[in-house]
Amino acid sequence: MSYPPRAFQEMREDVLLEAVDAIGLAALVVVRDGAPEAVSLPMLATRDGETLVLEGHVALANPLWRWAEGGIPALAMFQGPHAYVHPGWYPAKREHGKVVPTWNYVVIQAHGTLSTTRDPAWLSAHLARLTDRHEAGRAEPWSIADAPEGFIQGLQRGIVGLSLHVARLEGVWKIAQHHSEPNRHGVIAGLTASPQPGDRAMAAVMAEAERDRTG
């Protein structure tokens with residue numbers, strides 16, 4: 001990213017991958033005939049040797065996979081918690097009034113080369129990994145083995161695997177780092193009291209950053 005300011009940039013791979021894993025859903029963007037095209041799909045981080053790979057799949061009817069045959073540049077974006085910030089949450093508003101609304105957000109971008117596969121073994125392993133990841137922790141986790149083998153194989157013939165070999169992984173955590181501690185705590189309190197789940201999720205992100213800040 002050429003922007004935002006350094007204070008908002010997050011480059012630690014472990015932090016970025018943890019967020020990618022938690023978010024799960026990506027907006028995958030490619031350029032075709034000079035115009036951007038995007039598709040939303042779950043993606044999972046794996047390794048190919050030392051190379052980070054984000055893998056996913058699309059329906060056979062989706063033209064995106066045909067554009068990616070042979071490898072094309074692509075961008076996967078993962079949108080994390082985000083929330084509108086009300087100026088009244090800043091103590092500074094009562095002190096001098098020099099505050100304005102803003103938007104706090106977390107986003108991760110993965111840049112790389114996108115390739116495709118229809119190899120049945122790859123697809124089987126991918127679907128098992130993806131399912132196991134999102135069924136983990138459930139009281140009665142579903143497994144691919146729970147469905148008839150022929151049924152799964154039939155569905156599998158209708159998808160195409162995608163692999164984004166990541167050349168650059170970066171993120172933005174815009175969570176009021178440039179504000180004073182009282183202002184940050186005021187925003188956390190305001191978001192925590194909100195009935196909106198997204199607001200409370202952003203409050204949790206900010207509160208964790210505050211704990212990291214104080215050790």
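Colleague: Among contacts between residues at least 6 apart in sequence, what share join residues at least 24 apart?

Modeller: That comes to 75% in this protein. Keep in mind that we're looking at a predicted model.

Colleague: Okay, and what's the secondary structure like?

Modeller: There are seven helices and eight strands. The C-alpha trace spans about 65 × 45 × 30 Å along its principal axes.

Colleague: How much of the protein counts as buried?

Modeller: Of its 215 residues, 40% do. As for the outside, the protein exposes about 11,900 Å², and carbon and sulfur atoms supply 55% of that.

Colleague: Let's go to helix α1. Which of its residues are buried?

Modeller: Val 15, Leu 16, Ala 19 and Val 20 are the buried ones in α1. Looking down the helix axis, those residues fall within an arc of 135°, so they line one face of α1.

Colleague: And which residues are exposed on the other side of α1?

Modeller: Over there you'll find Asp 14, Glu 18 and Ala 22.

Colleague: What covers the buried residues of α1?

Modeller: Several strands are part of the cover, including β1 (9-10), β5 (51-59) and β6 (72-85). Strands β7 (102-117) and β8 (159-174) are also included.

Colleague: Back to Asp 14 for a sec. Why does it count as exposed?

Modeller: Because its relative accessible area is 57%, and the cut-off for exposed is over 50%. Asp 14 lies in α1, which runs over residues 13-23.

Colleague: How far is the C-alpha atom of Asp 14 from that of Ala 189?

Modeller: They're separated by 28 Å. Along the chain, Asp 14 and Ala 189 are 175 residues apart.

Colleague: What follows α1?

Modeller: Gly 24 does, and its phi is positive, near 80°.

Colleague: New topic: the largest nonpolar core. Which residues touch the most other members?

Modeller: That core has 44 residues, and the ones touching the most other members are Leu 28, Leu 54, Ala 76, Ile 108, Leu 114, Leu 164 and Trp 173.

Colleague: Tell me about Trp 173. What does it touch, leaving out residues up to four places away in sequence?

Modeller: From α1, Trp 173 touches Val 15, Leu 16 and Ala 19. Its contacts also include Phe 8, Glu 10 and Val 205, along with Tyr 105, Val 106, Val 107 and Ile 108. Ile 108 is also on that list of core residues touching the most other members.

Colleague: Last one: how many positive and negative side chains are there?

Modeller: The protein has 19 positive and 24 negative ones, with the centres of the two sets 8 Å apart.

Notes:
Residues numbered from 1 in each chain as written. Predicted model: local features only at pLDDT ≥ 70, side-chain atom pairs only at ≥ 80, totals over all residues. Heavy atoms only, no water. Core = buried A, V, L, I, M, F, W, Y, C linked by side-chain atoms within 4.5 Å. Buried < 20%, exposed > 50% of the residue type's maximum accessible area, 1.4 Å probe, protein only. Contact = heavy atoms within 4.5 Å. Helix = DSSP H or I, 4+ residues; strand = E, 2+ residues; numbered from the N terminus. Areas by Shrake-Rupley, 256 points an atom, 1.4 Å probe, with all protein chains shown as cover. Lys, Arg positive; Asp, Glu negative; His and termini not counted. Charge placed at Lys NZ, Arg CZ, Asp CG, Glu CD. Arc of directions from axis to C-beta.
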